[in-house]
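This report describes the fold, the interior and some local backbone features of one protein chain. The sequence and the model are shown first.

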Amino acid sequence: MRIIVPLSAVILGGAAMSLYFLNAPETEGLDPDARATRTEVRKNDRALALYDGDAVLKTYRVALGFNPLGHKEREGDGRTPEGTYVIDWRNPASAYHLSMHISYPDAEDRARAAERGVSPGGDVMIHGLSDKMAIVGAAHAKVDWTAGCIAVTNDEMDEIWRAVPNGTPITIHP
C-alpha cells in the first residue's frame, strides 16, 4: 500500500503537469536584436523584467531561492538577495543550461555577514534548467527551488543571455 500511494501521486502530478503544458500561455519571443540597459526582479511577483531605458522589453516568470522572504544573509540560507548589483560574468557551460552571475555579495553584504561571523555566500545567478529539469519547462516557476538564484526556462535563458550584456545593472526588489 505504501508504494501505491506515492505512485498515485506521481501519476496525478504528471497528469496535472500535462494539463499545465497544454494550457500554458504562449509568450512572444524577444527581438533577437533587443539589448537591455537594466534588469529588475520583483520577488513578490516572481518576475524578472528586461528594460531598455524605461521601456519594458519582456517580463519572465521566475523561481527563486527555496526560502525567498528577506535579503540573503548567509551562505546556505536559501534566500535570493535584495538590492542593486550588476551582471558581472557568465558561464556558458553551466549545469543549469546557461548562467549569468549577479555581483552579490557587495561590500555591505560582506560587512553584514562578517558582523554575524558567517559567510555571505556567493554564486548567485540567473540561470536556466538542468538537463533533468528541462522537461518541466515553465512549470518550474510554480515552486521556489533554487539555492538563492533566479531561474527561468532554457528558452527564456537563451533570450536573456543574448539581451543582457555583462555590466548590466540588476535590482532585486522584495
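## Surface and overall fold

The accessible surface of the protein chain amounts to about 9600 Å², and carbon and sulfur atoms account for 57% of it. The model is predicted, and every value in this report is computed from it. Of the 174 residues in the protein chain, 43% are classed as buried.

Three helices and eight strands make up the secondary structure of the protein chain. Read from the N terminus, the order of elements is α-β-β-β-β-β-α-β-β-α-β. Among contacts in the protein chain with a separation of 6 or more, 63% join residues that lie 24 or more positions apart.

## The largest nonpolar core

The largest nonpolar core holds 26 residues, and the members that touch the most others are L48, L50, I102, I150, I160 and I170. Two or more residues of this core come from each of β2 (47-52), β4 (83-91), β5 (99-102), α3 (154-163) and β8 (169-173). The greatest contribution is that of α3, which supplies four residues.

I170 illustrates how the core is connected. Leaving aside residues up to four places away in sequence, I170 touches T39, V41, G83, T84, Y85, V86, I87, I102, I126 and I150. Two of these partners, I102 and I150, also appear among the core residues that touch the most other members.

## Helix α3

Is α3 mostly covered or mostly open? Seven of the 10 residues in α3 are buried, and the helix is mostly covered. The buried positions are N154, E156, M157, E159, I160, W161 and A163. These buried residues pack against five strands, namely β2, β3 (55-61), β4, β5 and β6 (125-127).

An α-helix has 3.6 residues a turn, so residues three or four places apart point the same way. In α3, the buried set includes M157, I160 and A163. Also buried in this helix are E156 and E159. I160 is in addition one of the residues that touch the most other members of the largest core.

## Unusual backbone geometry

Most residues other than glycine have a negative phi, and most peptide bonds are trans. The peptide bond from Y104 to P105 is cis, with omega near 0°. P105 is located in the loop that links β5 and α2 (107-116).

Two residues other than glycine have a positive phi: H97, near 65°, and D123, near 55°. H97 belongs to the loop between β4 and β5, whereas D123 is in the loop between α2 and β6. With a relative accessible area of 29%, H97 is partly exposed. D123, at 55%, is exposed, because exposed means over 50% relative accessible area.

## The loop between α2 and β6

G122 is also found in the loop between α2 and β6. Its relative accessibility of 33% places G122 in the partly exposed class. Not counting residues up to four places away in sequence, G122 touches Y104 and P105, the two residues joined by the cis peptide bond.

How far apart in space are G122 and E75, C-alpha to C-alpha? The distance between them is 7.2 Å, although 47 residues separate G122 and E75 in sequence.

Notes
Residues are numbered from 1 along each chain as its sequence is written. This is a predicted model: local features need pLDDT of at least 70, side-chain atom pairs count only at pLDDT 80 or more; totals for chains, interfaces and linings use all residues. Side-chain values use heavy atoms; hydrogens and water are left out. Buried means under 20% relative accessible area, exposed over 50%, partly exposed in between (1.4 Å probe, protein chains only). Contact means heavy atoms within 4.5 Å. Accessible areas come from the Shrake-Rupley method with a 1.4 Å probe; for residues, only the protein chains shown count as cover. A nonpolar core is a set of buried Ala, Val, Leu, Ile, Met, Phe, Trp, Tyr and Cys residues joined through side-chain atoms within 4.5 Å.
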